[in-house]
Amino acid sequence: MPLATVQAQNAGRDRVVPSDVVREFHGRLPTVDQLHDEGWDAVHLFSALTRRSRTGR
């Protein structure tokens, strides 16, 4: 999910997480390519916001 979307959702929470923490954790999420390179045969994204997927080698 894009960082801007995560930040907007966070702003609407009862207990808002500090922006720097949200940014840091978002930056630690692996990309589709990183997961594929780790040996996953297929990576499926279940979001209308991110449509990219990659299968096979």
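**Figure 1. Overview of the predicted model.** The protein averages a pLDDT of 85, and 82% of the residues score at least 70; pLDDT is the predictor's confidence in each residue, from 0 to 100. This is a predicted model, in which local features need pLDDT of at least 70, side-chain atom pairs count only at pLDDT 80 or more, and totals for chains, interfaces and linings use all residues. Residues are numbered from 1 along each chain as its sequence is written, and side-chain values use heavy atoms, with hydrogens and water left out. The secondary structure comes to 3 helices and 2 strands, in the order α-α-α-β-β from the N terminus on. Helices (H or I, at least four residues) and strands (E, at least two) are DSSP runs, numbered from the N terminus. Among these elements, H2 has the highest mean pLDDT (96) and strand S2 (residues 54–55) the lowest (55). Of the 57 residues of the protein, 9% count as buried; buried means under 20% relative accessible area, exposed over 50%, and partly exposed in between (1.4 Å probe, protein chains only). Contact means heavy atoms within 4.5 Å. Among contacts between residues at least 6 apart in sequence, 17% join residues at least 24 apart.

**Figure 2. Close-up of the salt bridge between Glu24 and Arg28.** The N to O distance between the two side chains is 2.8 Å. A salt bridge is counted when a side-chain nitrogen of Lys or Arg lies within 4 Å of a carboxyl oxygen of Asp or Glu, and by this rule the count comes to 1. Glu24 and Arg28 are 4 residues apart in helix H2 (residues 19–28), so about one helical turn separates them. Glu24 is partly exposed, with a relative accessible area of 41%, whereas Arg28 counts as exposed at 59%.

**Figure 3. Close-up of Arg23 in helix H2.** Arg23 counts as partly exposed, at 43% relative accessibility. Not counting residues up to four places away in sequence, Arg23 touches Leu3 and Gln7. Arg23 and Ala4 are 19 residues apart in sequence, with their C-alpha atoms 9.6 Å apart in space.

**Figure 4. Close-up of Asn10 in helix H1 (residues 3–11).** Asn10 counts as buried, since its relative accessibility is 9%. Leaving aside neighbours within four places in sequence, Asn10 is in contact with Val16, Val17 and Val22.

**Figure 5. Close-up of His44 in the loop between strand S1 (42–43) and S2.** His44 is exposed, with a relative accessible area of 53%. From His44 to Val32 the C-alpha to C-alpha distance is 8.4 Å, and the two are 12 residues apart in sequence.

**Figure 6. Close-up of the largest pocket, with a volume of about 270 Å³.** The pocket is lined by 11 residues, of which Met1, Leu29, Pro30, Thr31 and Leu45 are the closest to its centre. By class, the lining has 8 nonpolar, 3 polar and no charged residues. Ala, Val, Leu, Ile, Met, Phe, Trp, Tyr, Cys and Pro count as nonpolar, Asp, Glu, Lys and Arg as charged, and the others, Gly among them, as polar. On a 1 Å grid over the protein atoms alone, a pocket is an open set of points where a 1.4 Å probe fits, with protein on both sides within 12 Å along at least five of seven lines; lining residues have an atom within 4 Å of a point. Grid points are joined across faces, edges and corners, and a volume is the space filled by probe spheres set on the points.
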